[in-house]
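Work through the exercises below with the model open beside you. Try each task before you read its solution.

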Amino acid sequence: MTVLRKNLIDGEWLGEAGSRNINPSNTNDVVGEYASAGPEEAKQAIAAAKAAFPAWSRSGPLARHAVLKKTSDEIMARKDEIGRALAREEGKTLAEGIGETIRAAQIFDFFAGETLRLSGELVPSVRPGVGVEMTREGVGVVGIITPWNFPIAIPAWKIAPALAYGNTIVFKPAELVPESAWTIVDILHRAGLPKGVLNLVMGKGSVVGQAMLDSPDVNAISFTGSVGTGKRVAAASVEHMRKFQLEMGGKNPLVVLDDADLGTAVDCAINGAYFSTGQRCTASSRLIVTEGIHDRFVDAVKERLDKLVIGDALDAKTQIGPVVDQTQLKQDEDYIAIGRQEGAELAFGGERLERESPGFYLRPALFLGATNAMRISREEIFGPVANVIRVKDYDEALAVANDTPFGLTSGICTTSLKHATHFKRNSEAGMVMVNLPTAGVDFHVPFGGRKGSSYGPREQGRYAMEFYTTVKTAYTFAG
């Protein structure tokens, strides 16, 4: 019997079945049925969050700590179960699903601690007898809109700080991955959140998301998704003078210099470009390689690609799972065709694969002879597709790396301290990796980029406070 997961609005589970969640590793497998909210349900959720804000924002730090700590503990205790469900609905490997679940638990644990570290400043005024206090308070009702590629980690790194700093939430997850979203909300609900503090509204972005954008009662929106939708969030938020935070696309470079350790460079390229089926905004989709190491690097990458196991996400032997759905698979195939039309050489992969069960399987693709002017070098594909751009030296590599409308993350493989140091300072990205994959970040430090990749304060770590709080300055005359 298929389980029906409902929306959580003002502390009550409500709604009727509106969508089915399909396993991309086996399209015959229905993960579950999920309620689909309409505009009225979205308005009810916003109203509930607004009503709950005064009490929650003034709750003591121990109350918030208890909820977040209980949530962290339960997620960690159930990591195998939740990670398996995540892999089943999204298609990333079982190991990746469990790893992402552990990260979500760590994020909640971190922000549980942050509730006990809230601080302000007390300074003397320039006027005799006057004291000045600077404190931070929650901004109000926060709309949270999350993507499908990290269905529990990204909700965690938005929900946890929002709650820690005293905000109430209306949460709209991606339609493709409702199970992970429902699970995290169910755990938080049972951990003791008062009604209305956290509201889950699953449904179409054009309906639920639009209701959030249109509401003057949503005080801030944190969005992760496409550039086009991010611009709509920005325009609507300016109309209502609300805070907004955007994490969008990436076209991330991995520079490989002649002096790089070949094994390290190949590991970074394979991990960054192809793990999680390339469906990461931090993926290394541009491999910028200097002439002296180019041929050896390409041969080694192709050799590694040929050995990768592509299969069912729940099979422990699988290293690369399926693409998330038919729409994304078609987008990947369309870009592969574009790359060939533009004159790049498809040196490996790019074809659909048949497996024991029907699914969205694609062999990882590698292009050679690409230029930075090609569409496959300019536009985010969001799949297991990477292209190699040959360059003369470090200076050209840096110029090509920075020649992009995006600026999320970048990487360099080198044994030169000089070049590593220069690259860290001069790479136009929010995050820079040296001899590490461009994808893969810690949970306690800032996450975010520049240019078309991000807008607003950074996510994660203590920097999350900048978005989820507002500063108040209070003056007191003692008389």
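The exercises go from the annotated domain to helices, rings, strands and single residues.

**Before you start.** This is a predicted model, where local features need pLDDT of at least 70, side-chain atom pairs count only at pLDDT 80 or more, and totals for chains, interfaces and linings use all residues. Residues are numbered from 1 along each chain as its sequence is written, and side-chain values use heavy atoms, with hydrogens and water left out.

**Exercise 1. State which residues the UniProt domain annotation covers, and describe that stretch.**

Step 1. Read the record. The unreviewed UniProt entry gives "domain: Aldehyde dehydrogenase" for residues 20–473. Its positions follow the numbering used here, feature names are shortened, and annotations may be inferred rather than shown by experiment.

Step 2. Describe the stretch. Residues 20–473 are 42% helix and 21% strand. Their end C-alpha atoms lie 49 Å apart. Helices (H or I, at least four residues) and strands (E, at least two) are DSSP runs, numbered from the N terminus.

**Exercise 2. Check the span of helix 4, then decide how far the helix is enclosed.**

Step 1. Find the expected span, which is 1.5 Å times one less than the number of residues. For the 21 residues of helix 4 (residues 94–114) this gives 30 Å.

Step 2. Compare. The end C-alpha atoms of helix 4 are 30 Å apart, which agrees.

Step 3. Look at burial. Buried means under 20% relative accessible area, exposed over 50%, and partly exposed in between (1.4 Å probe, protein chains only). In helix 4, 16 of the 21 residues are buried, so the rest of the structure largely encloses this helix.

**Exercise 3. Repeat the check for helix 6.**

Step 1. Helix 6 (residues 178–190) has 13 residues. It reaches 18 Å from first C-alpha to last, close to the 18 Å expected.

Step 2. Eleven of the 13 residues of helix 6 are buried. Among them are W182, I184 and L188.

Step 3. Look just past the end. G192 follows helix 6 and has a positive phi, near 115 degrees.

**Exercise 4. Classify two aromatic pairs by their ring geometry.**

Step 1. Set the rule. Rings of Phe, Tyr and Trp (its six-membered ring) pair if their centres lie within 6.5 Å; planes under 30 degrees apart count as stacked, over 60 as edge-to-face and the rest as tilted. The whole structure holds seven aromatic pairs.

Step 2. Take F110 and F111. Their ring centres are 5.0 Å apart and their planes meet at 85 degrees, so this pair is edge-to-face. Both residues are buried.

Step 3. Take W157 and F447. Their centres are 5.0 Å apart with planes at 40 degrees, so this pair is tilted. W157 lies in helix 5 (residues 153–164) and F447 in the loop between strand 20 (431–434) and strand 21 (450–451), so the pair ties together parts 290 residues apart in sequence.

Step 4. Add the neighbours. F110, F111 and Y165 form one aromatic cluster. R117 lies over the face of F110, at 5.9 Å from the ring centre. Such a charge counts if NZ of Lys or CZ of Arg is within 6 Å of the ring centre and within 35 degrees of the ring normal.

**Exercise 5. Name the strands that pair with strand 17, and give the direction.**

Step 1. Recall the principle. Strands of a sheet pair through backbone hydrogen bonds, either parallel or antiparallel. Here two strands pair if DSSP finds at least two bridges between them.

Step 2. Strand 14 (residues 284–290) pairs with strand 17 in the parallel sense over five bridges. V289 stands opposite R390 of strand 17.

Step 3. Strand 16 (residues 365–368) also runs parallel to strand 17, joined by three bridges. F367 has N387 as its bridge partner.

Step 4. Check burial. Six of the seven residues of strand 17 (residues 385–391) are buried.

**Exercise 6. Locate the annotated active site and describe its surroundings.**

Step 1. The unreviewed UniProt entry places "active site" at E247. E247 is in strand 12 (residues 243–247).

Step 2. Its relative accessibility is 4%, so E247 counts as buried.

Step 3. List contacts, meaning heavy atoms within 4.5 Å. Leaving out residues up to four places away in sequence, E247 touches several residues, including F223, L408, F447 and E459. F447 is also the partner of W157 in the tilted pair.
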